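This report is written for a reader who is meeting this structure for the first time. Please look over the sequence and the 3D view before reading on.

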Amino acid sequence: MIPRHIAVIMDGNGRWAKKRLLPRIAGHRAGMKRMISLTDDIFSRGIVCCTLFALSTENLARPQEELEGLYGLFREYFTGQTARLKSQGVSLKILGDLTLLPADIARLARTSEEETAGGEKTLAIALGYGGRQDIVRACNEAVKKGEPVTLESFAETLSTGGMPALDLLIRTGKEKRISNFLLFEAAYAELCFSEKLFPDFTGKDLTHALEAYAKRDRRFGRI
Ligand code: IPE
Ligand code: IPE
Ligand code: MG
């Protein structure tokens, strides 16, 4: 079985750079390059929805110099990749609170979303995203409406609303934790932890993760 929705916690850029005695931003640049090729690989295998964790709310507490470097890469990404995504039938969707980022990045991101709208595939990039924050935001929306929520209506209010259920969550970079990523959505996702630092995570590693996924017995609580 091929997952419909796969998510990747792209971790390990800093350690990749450190191993090479390079500045952390060189690791992030290598990570961005890998993210572009990995996205192509993911969609070429028939997966229709992919969510990538690029920057958490907690990452915003990193030194300004590193954040500026990351912001520069995000600008490059939106400017350079939008037309390509559109030509591949991929709609871009940003998860997270863009008001936490410089205003020009929010504008570039919204423009990319608008320009790629209507594609049959979805690439969601989590930027300034926190799973707990997204749940609290959705709760506040429900409170404002003044109506009790159901599982379905609540899921629709999350920033992943409308996307297929999460099937497979991959984390690269050796750590075995979720780090405030898709907390609600990961309820029945299969988890896969890779020892590879993100810039080293290849199409072959994706193949291994997909093969492992295909062998899992997803019971969803049943027998
Ligand atoms: C992931 O790599 C990318 C971001 C969080 C922006 P890290 O920067 O966390 O890399 P490590 O974990 O320090 O190696
Ligand atoms: C998770 O990685 C966030 C992203 C990959 C964007 P972190 O490096 O922030 O996670 P921790 O600090 O190891 O939990
Ligand atoms: Mg990390």
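The sections below go from the whole chain to its strands and then to single residues.

## Overall make-up

The structure is a predicted model. The secondary structure of the chain consists of 7 helices and 6 strands. Read from the N terminus, the elements follow the order β-α-α-β-α-β-α-β-α-α-β-β-α. The radius of gyration is 17 Å, close to the 17 Å that the globule rule gives for 223 residues, so the chain is as compact as a globular protein of that length. Along the principal axes, the C-alpha atoms occupy a box of roughly 50 × 45 × 35 Å.

Of the 223 residues in the chain, 48% are buried. When contacts with a separation of 6 or more are considered, 77% of them are between residues 24 or more positions apart.

## Surface and charge

The exposed area of the chain is about 11,500 Å². Carbon and sulfur atoms supply 56% of that area. As for charge, the chain carries 33 positive and 28 negative side chains. The centres of these two sets are 5 Å apart.

## Strand β1 and its two partners

Strand β1 covers residues 5-9, and 5 of its 5 residues are buried. His-5, Ala-7 and Ile-9 point one way from the strand, while Ile-6 and Val-8 point the other way. The residues on both sides of β1 are buried.

β1 pairs with two strands described here. With β2, which spans residues 49-56, β1 runs parallel and is joined by 5 bridges. Within this pairing, Ala-7 has Thr-51 of β2 as its bridge partner. β1 also pairs in the parallel sense with β5, residues 168-171, over 4 bridges. There, Val-8 has Ile-170 of β5 as its bridge partner.

## Strand β4 and its two partners

Strand β4 runs from residue 121 to residue 129. Why is β4 described as largely enclosed by the rest of the structure? The description applies because 8 of its 9 residues are buried.

β4 is paired with β2 in the parallel sense, over 7 bridges. One of the links is between Cys-49 and its bridge partner in β4, Thr-122. β4 also runs parallel to β3, residues 90-95, and 6 bridges join the two. Ile-94 stands opposite Ile-125 of β4.

Taken together, these pairings place β2 beside β1 and also beside β4. β1 is further paired with β5, and β4 with β3.

## Two residues in the loop between β5 and β6

Lys-174 is in the loop between β5 and β6, the latter being residues 190-193. Lys-174 is not a glycine, yet its phi is positive, at about 80 degrees. Is Lys-174 buried or partly exposed? Its relative accessibility is 40%, so Lys-174 counts as partly exposed.

Ser-179 is also placed in the loop between β5 and β6. Its phi is near 50 degrees, again a positive value in a residue other than glycine. With 33% relative accessibility, Ser-179 counts as partly exposed.

## His-28 in helix α2

Helix α2 is made up of residues 24-44 and contains His-28. Buried means under 20% relative accessible area. His-28 has 8% relative accessibility and therefore counts as buried.

Which residues are in contact with His-28, leaving aside its neighbours within four places in sequence? They are Asn-13, Arg-62, Glu-66, Leu-70 and Leu-73. A separate value relates His-28 to Gly-173: the two are 145 residues apart along the chain, and their C-alpha atoms are separated by 13 Å.

## Asp-134 in helix α5

Asp-134 has its place in helix α5, which covers residues 131-145. Its relative accessibility is 7%, so Asp-134 counts as buried.

Leaving aside neighbours within four places in sequence, Asp-134 is in contact with Tyr-129, Leu-158, Ser-159 and Glu-185. Asp-134 and Asp-97 are 37 residues apart along the chain, and 8.7 Å separates their C-alpha atoms.

Key
Residues are numbered from 1 along each chain as its sequence is written. Chains are lettered from A and ligands numbered from 1 in the order in which they are written. This is a predicted model: local features need pLDDT of at least 70, side-chain atom pairs count only at pLDDT 80 or more; totals for chains, interfaces and linings use all residues. Side-chain values use heavy atoms; hydrogens and water are left out. The radius of gyration is taken over C-alpha atoms; the globule rule is 2.2 Å times the number of residues to the power 0.38. Buried means under 20% relative accessible area, exposed over 50%, partly exposed in between (1.4 Å probe, protein chains only). Contact means heavy atoms within 4.5 Å. Accessible areas come from the Shrake-Rupley method with a 1.4 Å probe; for residues, only the protein chains shown count as cover. Lys and Arg count as positive and Asp and Glu as negative; His and the chain ends are not counted. The place of a charge is taken as NZ of Lys, CZ of Arg, CG of Asp or CD of Glu. Two strands pair if DSSP finds at least two bridges between them.
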